[in-house]
Every structure is written in structure tokens, then in C-alpha cells.
Amino acid sequence: MNRDLYAIALNNALKEIKKAYPEIHHSFIFSNESNIIAADTETDQETMNNILESFETIKENSKAIGNIKSDLSVILDAN
């Protein structure tokens, strides 16, 4: 399965999560390389970039606390 098909499936999953949990206002999925794979329509690029920068900082500092091990990270911001 190619990456585009995964992205479509993940976008659909984000839509279903939003339906089940309407209090979630922003969500997106990114890879360990900080590539955005899927995102909802209400999360703007600047917000995603700011969060990705924060995660990069955590990732860089994680070596001191035992590393972060994950293939994908999901950010769900329930405001």
C-alpha cells in the first residue's frame, strides 16, 4: 500500500474521531521525520509547525530520559 492510501485512511480516521469526540478541535498525524501525513481541516499549517517544533525539541532532549520510540505520533488538541 502506498503512502497516499495510508494518508487517505488516516484522514478518514481523524474525521471519525472528530465525530465521536466533538470536543477535539485540532488533530494531525506526523511521522518521526516530522512529515505531516494527515490533518483535519481546522488545524492551520502554522499551528502544526509550532507543535512539530515542540516535539522535535522533546525528541532531541529525550536521549537524556531514555528516548521516545514511536513510528507515528498523533496530536489531539481538545480545547
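Start with one contact: the side chain of Thr 43 meets the side chain of Asp 40 in a polar contact of 2.5 Å. Keep in mind that you're looking at a predicted model. The chain's mean pLDDT is 80, with 78% of residues reaching 70 or more. From Thr 43 we'll head to a hairpin and then to some aromatic rings.

**Around Thr 43**
- You'll find Thr 43 in the loop that runs between strand E2 (36–39) and helix H2 (45–61).
- Buried or exposed? Thr 43 has a relative accessibility of 8%, and the cut-off for buried is under 20%, so Thr 43 counts as buried.
- Asp 40 has company: the side chain of His 26 also makes a polar contact with that of Thr 43, at 3.3 Å.
- Leaving out residues up to four places away in sequence, Thr 43 touches His 26, Ser 27, Phe 28 and Met 48.
- His 25 sits 18 residues from Thr 43 in sequence, yet their C-alpha atoms are 8.0 Å apart in space.

**Helix H2**
- What caps the N-terminal end of H2? Asp 44 does, with a side-chain oxygen 3.1 Å from the backbone nitrogen of Glu 46.
- H2 has 17 residues, and at 1.5 Å a residue they should span 24 Å; the end C-alpha atoms are 24 Å apart, so the two agree.

**The E1–E2 hairpin**
- E1 and E2 run antiparallel and pair over three bridges.
- One partnership to look for is Phe 28 with Ala 39, its bridge partner in E2.
- Four residues lie between the two strands of the hairpin, and Ser 34 takes a positive phi near 65 degrees.
- Strand E1 (residues 26–31) has five of its six residues buried, so the rest of the structure largely encloses it.

**Aromatic rings**
- How many aromatic pairs does the structure hold? There are two.
- Phe 28 and Phe 30 make a tilted pair, 5.7 Å centre to centre with 35 degrees between the planes.
- Phe 30 and Phe 55 have ring centres 5.4 Å apart and planes at 70 degrees, so this pair is edge-to-face.
- That pair ties together distant parts of the chain, with Phe 30 in strand E1 and Phe 55 in helix H2, 25 residues apart.
- Phe 30 is buried at 4% relative accessible area, while Phe 55 is partly exposed at 31%.
- Put together, Phe 28, Phe 30 and Phe 55 form one aromatic cluster.

**Where to be careful**
- Over residues 71–79 pLDDT stays under 50, and the model has 29 contacts for them beyond four places in sequence.

Key. Residues are numbered from 1 along each chain as its sequence is written. Side-chain values use heavy atoms; hydrogens and water are left out. Buried means under 20% relative accessible area, exposed over 50%, partly exposed in between (1.4 Å probe, protein chains only). Contact means heavy atoms within 4.5 Å. A polar contact is a pair of N or O atoms within 3.5 Å; within protein, one must be able to donate a hydrogen and the other to accept it, and residues adjacent in sequence count only if both atoms are side-chain atoms. The expected span of a helix is 1.5 Å times one less than its number of residues. pLDDT is the predictor's confidence in each residue, from 0 to 100. Two strands pair if DSSP finds at least two bridges between them. Rings of Phe, Tyr and Trp (its six-membered ring) pair if their centres lie within 6.5 Å; planes under 30 degrees apart count as stacked, over 60 as edge-to-face and the rest as tilted.
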